[in-house]
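Student: I am new to this model and would like a close look at one strand and its surroundings. Please keep the explanation plain.

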Amino acid sequence: MKSPASLQALVDDGVIDEVLHPLKSGKEASVYVVRSGDEVRCAKVYKDMAQRSFQQRVQYQEGRKVRGSRQARAMGKASKFGRKEAEAAWKSAEVDALYQLAGAGVRVPQPYGYFGGVLVMELLTDAEGRSAPRLGEVELSAQTARDYHRFLVRQVACMLCEGLVHGDLSEYNVLVAADGPVIIDLPQVVSAAGNHAARTMLRRDVGNITISLSRFAPELLDTHYAEEMWALFEQGELRPDSELTGHFVFDEGAVDVDSVMQSIIDAREEAVIRQQGREAAQMKG
């Protein structure tokens with residue numbers, strides 16, 4: 001296919017040799033399958049943020065590092081310059097997170113470079129070599145669902161050990177590749193220590209995955225891995241190899257357990273609505 005304008009510079013510079021075909025398109029980015037030498041990869045082209053999206057992302061920006069005090073003040077005021085800086089920070093957040101997490105052994109797409117608003121990374125495929133499906137698109141046995149849940153909880157814990165929380169994890173942000181689940185879409189990643197909403201986001205992330213996989217293994221709904229790993233994290237005792245059980249004794253005086261579970265259910269409904277919006281946007285595009 002003819003190279004989109006957003007990728008032509010990468011072709012001219014020899015970063016990629018050919019754009020093969022579009023993979024997906026959403027409000028925030030378009031992804032293309034590309035060839036680089038003998039390897040087939042994908043290129044994620046970030047789109048500019050709309051004002052509405054900027055307002056929605058304020059909670060994710062807390063605790064993020066920026067280049068200097070001027071940029072931080074501008075982002076806080078949401079000025080034109082501030083929105084531009086926030087947009088740049090939003091795009092680079094995923095790139096930085098991918099390199100950090102891949103280096104720590106978390107199963108995320110392997111990044112190959114970031115070039116002027118385009119992230120070149122590993123193309124995830126299934127056992128037949130086709131584009132890997134989302135977790136929510138596959139039928140699983142009860143045992144496979146348990147295995148996937150155990151693996152993804154471990155990945156979330158490893159991310160937390162790196163000081164990061166995905167912030168928007170769900171069955172729509174996990175692909176099932178030939179070697180198992182892979183966590184994707186990280187521009188909203190937050191600092192576990194620097195963002196006041198990190199604990200809530202972690203609980204929502206784990207809750208979304210648990211609810212999705214409980215379709216095949218209902219007993220997963222009785223686990224509380226997010227609370228368990230966060231307690232260890234706060235105590236400075238969480239390690240990548242920490243043995244997690246899914247059991248957690250709530251302090252009834254400090255937390256409303258029913259509210260915790262309701263927040264997970266609400267998060268699941270929000271994820272469905274977001275996905276419907278993405279699909280509607282893709283159809284219009």
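Student: How many bridges join strand β3 (residues 39-46) to β5, and do the two run parallel or antiparallel?

Tutor: The count is 5 bridges between β3 and β5, and the two strands run antiparallel. This is a predicted model, in which local features need pLDDT of at least 70, side-chain atom pairs count only at pLDDT 80 or more, and totals for chains, interfaces and linings use all residues. Residues are numbered from 1 along each chain as its sequence is written, and side-chain values use heavy atoms, with hydrogens and water left out.

Strands (E, at least two residues) and helices (H or I, at least four) are DSSP runs numbered from the N terminus, and strands pair if DSSP finds at least two bridges between them. Within the pairing of β3 with β5, Val-45 is placed opposite Val-118 of β5. Strand β5 also pairs with β4 (residues 111-115), through 4 bridges and again antiparallel. There, Pro-111 has Met-121 of β5 as its bridge partner. The hairpin of β4 and β5 has 2 residues between the strands, and Gly-116 has a positive phi near 55° in this hairpin.

Strand β5 covers residues 118-122, and 5 of its 5 residues are buried (under 20% relative accessible area; exposed is over 50%, partly exposed in between; 1.4 Å probe, protein chains only). The strand is therefore largely enclosed by the rest of the structure.

Val-45, the residue opposite Val-118, also belongs to a nonpolar core (buried Ala, Val, Leu, Ile, Met, Phe, Trp, Tyr and Cys residues joined through side-chain atoms within 4.5 Å). The largest such core has 53 residues, and Leu-135, Leu-140, Leu-160, Val-165, Leu-202, Leu-213 and Met-229 touch the most other members. The core that includes Val-45 is a second, separate one of 10 residues, with Val-19, Ala-43 and Val-120 also among its members.

Charged side chains come next. Opposite charges can pair when their charged atoms come close. The structure holds 13 salt bridges (a side-chain nitrogen of Lys or Arg within 4 Å of a carboxyl oxygen of Asp or Glu). One of them joins Arg-35 to Glu-18, at 3.2 Å from N to O. This pair links distant parts of the chain, since Arg-35 is in strand β2 (residues 29-36) and Glu-18 is in strand β1 (residues 18-25), 17 residues apart. Both ends are partly exposed: Arg-35 has a relative accessible area of 31%, and Glu-18 has 33%.

Another salt bridge is formed by Glu-39 and Arg-41, at 2.9 Å from N to O. Its two ends differ in accessibility: Glu-39 is partly exposed at 40%, whereas Arg-41 is buried at 16%.

Asp-147 and Arg-150 provide a helical example, with their closest N and O atoms 3.1 Å apart. Both residues lie in helix α6 (residues 142-161), 3 residues apart, about one turn of the helix. Asp-147 is partly exposed at 34% relative accessibility, and Arg-150 is exposed at 53%. Elsewhere, salt bridges that share partners join Lys-24, Lys-44, Glu-94 and Asp-185 into one network.
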